Amino acid sequence: MYQNSFPIGVIDSGIGGLTVVRQIQRILPGEDIIFFGDSANCPYGNRSADEIYELSLRMLRYMESRGVKCVAIACNTISSLVERLRPQCPFPLISIIESGADYIAREKLPSVGVIATEFTVSAGVYDTRIHALAPDCEVVSRGSPELAGLIDRGDLNQAVIDEEITAQVDVILSRAPVRDLLLACTHFPIVEENFRRCFPELRLIDPAEQQAIAVKNMLVYRTLTNPQNRGSLTVETSGDPDVYAAIARMLSLYGPKDCKAVSLT
């Protein structure tokens with residue numbers, strides 16, 4: 001039996017999921033959060049579906065051992081396998097892809113650009129979900145092989161980041177004159193200002209906010225919201241905890257006094 005005081009789990013292939021934590025803290029300030037980023041194996045987007053599944057299941061089993069009441073999959077690549085993962089979990093999984101695609105359908109956009117990892121694009125999950133809800137929306141997707149890895153390593157060289165963003169978004173714009181760009185990798189909002197500088201004419205969509213709303217709606221429905229005024233945040237990673245601490249400070253997250261390395265093997 002789940003209790004209100006149980007924490008929310010958040011998993012990602014790396015540091016990008018901290019952008020989802022930021023939105024959950026804003027919308028659900030009383031919730032305790034346990035975040036795990038698997039930077040030792042990032043980027044997931046260049047791996048096979050079976051590899052991604054096994055790595056994700058390992059994190060989900062770890063979250064089960066920590067007694068979470070739900071898990072927000074703050075990774076578009078992992079979320080593309082959510083239907084395969086759900087039967088393995090005793091707690092609800094909230095997919096960032098479902099949250100982002102549902103928002104686009106509600107907005108009734110005539111077209112949208114989607115920039116993601118190569119795996120997310122090749123899986124076609126955004127196209128499928130959006131077209132199921134909004135058949136007339138033109139979806140133009142492009143996978144970046146480099147951007148998530150650069151961000152996860154903390155390699156935020158502005159010229160290199162701008163070059164990769166420009167190369168991939170130019171391809172999207174060559175295919176359709178989109179006005180809205182979905183940042184379909186939770187790493188990408190960390191360099192949101194780079195996107196705005198390179199393409200000021202585009203409206204950027206961050207699905208993290210919609211995912212946080214979905215988490216809240218699920219907890220309210222199950223009467224599992226935590227009534228405390230301010231929750232805590234535990235940040236753990238298989239990679240370099242110093243990078244996570246730096247990004248947590250950049251995103252103004254509250255709660256973590258430090259970030260620690262944890263091995264799931």
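Is lysine 108 buried or exposed in this predicted model? At a relative accessibility of 71%, lysine 108 counts as exposed. The views below begin with this residue.

**View A. Lysine 108, a residue with positive phi in the loop that follows helix 5.** Lysine 108 is placed in the loop between helix 5 and strand 5 (111–116). Although lysine 108 is not a glycine, its phi is positive, at about 55°. The 71% relative accessibility exceeds the 50% cut-off, and lysine 108 is therefore classed as exposed.

**View B. Threonine 223, in the loop between helix 11 and strand 9.** Strand 9 comprises residues 233–237, and the loop that joins helix 11 to this strand holds threonine 223. Threonine 223 is a residue other than glycine with a positive phi, near 50°. Its relative accessible area is 59%, so threonine 223 is exposed.

**View C. The packing of helix 5 against helix 11.** The axes of the two helices are 8 Å apart, and helix 5 packs on helix 11 at an angle of about 105°. Helix 5 is therefore roughly perpendicular to helix 11, since the range for that class runs from 65 to 115 degrees. From helix 5, the residues Ile96, Ser99, Tyr103 and Arg106 meet Ala208, Gln210, Gln211 and Ala214 of helix 11. Sorted by class, the residues of this contact are four nonpolar, three polar and one charged.

**View D. The largest pocket and its lining.** The volume of the largest pocket is about 150 Å³. Its lining has 13 residues, of which Ile94, Glu98, Ser99, Asp102 and Ala214 are the closest to the pocket centre. Strand 4 (93–95), helix 5 (96–107) and helix 11 (208–221) are the elements that each give two or more residues to this lining. By class, the lining of the largest pocket consists of five charged, four polar and four nonpolar residues. Ser99 and Ala214, listed among the residues closest to the pocket centre, also take part in the contact between helix 5 and helix 11.

**View E. Leucine 93 and its surroundings in strand 4.** Leucine 93 lies in strand 4. With a relative accessible area of 6%, which is under the 20% cut-off, leucine 93 is therefore buried. Apart from neighbours within four places in sequence, its contacts are Leu60, Val71, Ile73, Val82, Leu85 and Arg86. Asparagine 41 and leucine 93 are separated by 52 residues in sequence and, from C-alpha to C-alpha, by 21 Å in space.

Methods
Residues are numbered from 1 along each chain as its sequence is written. This is a predicted model: local features need pLDDT of at least 70, side-chain atom pairs count only at pLDDT 80 or more; totals for chains, interfaces and linings use all residues. Side-chain values use heavy atoms; hydrogens and water are left out. On a 1 Å grid over the protein atoms alone, a cavity is a set of points where a 1.4 Å probe fits but cannot get out, and a pocket is an open set with protein on both sides within 12 Å along at least five of seven lines; lining residues have an atom within 4 Å of a point. Grid points are joined across faces, edges and corners, and a volume is the space filled by probe spheres set on the points. Helices (H or I, at least four residues) and strands (E, at least two) are DSSP runs, numbered from the N terminus. Ala, Val, Leu, Ile, Met, Phe, Trp, Tyr, Cys and Pro count as nonpolar, Asp, Glu, Lys and Arg as charged, and the others, Gly among them, as polar. Axes are lines fitted to C-alpha atoms, for helices over the stretch in contact, and angles run from 0 to 180 degrees between N-to-C directions. Angles under 35 degrees count as roughly parallel, over 145 as roughly antiparallel, 65 to 115 as roughly perpendicular and the rest as oblique. Contact means heavy atoms within 4.5 Å. Buried means under 20% relative accessible area, exposed over 50%, partly exposed in between (1.4 Å probe, protein chains only).
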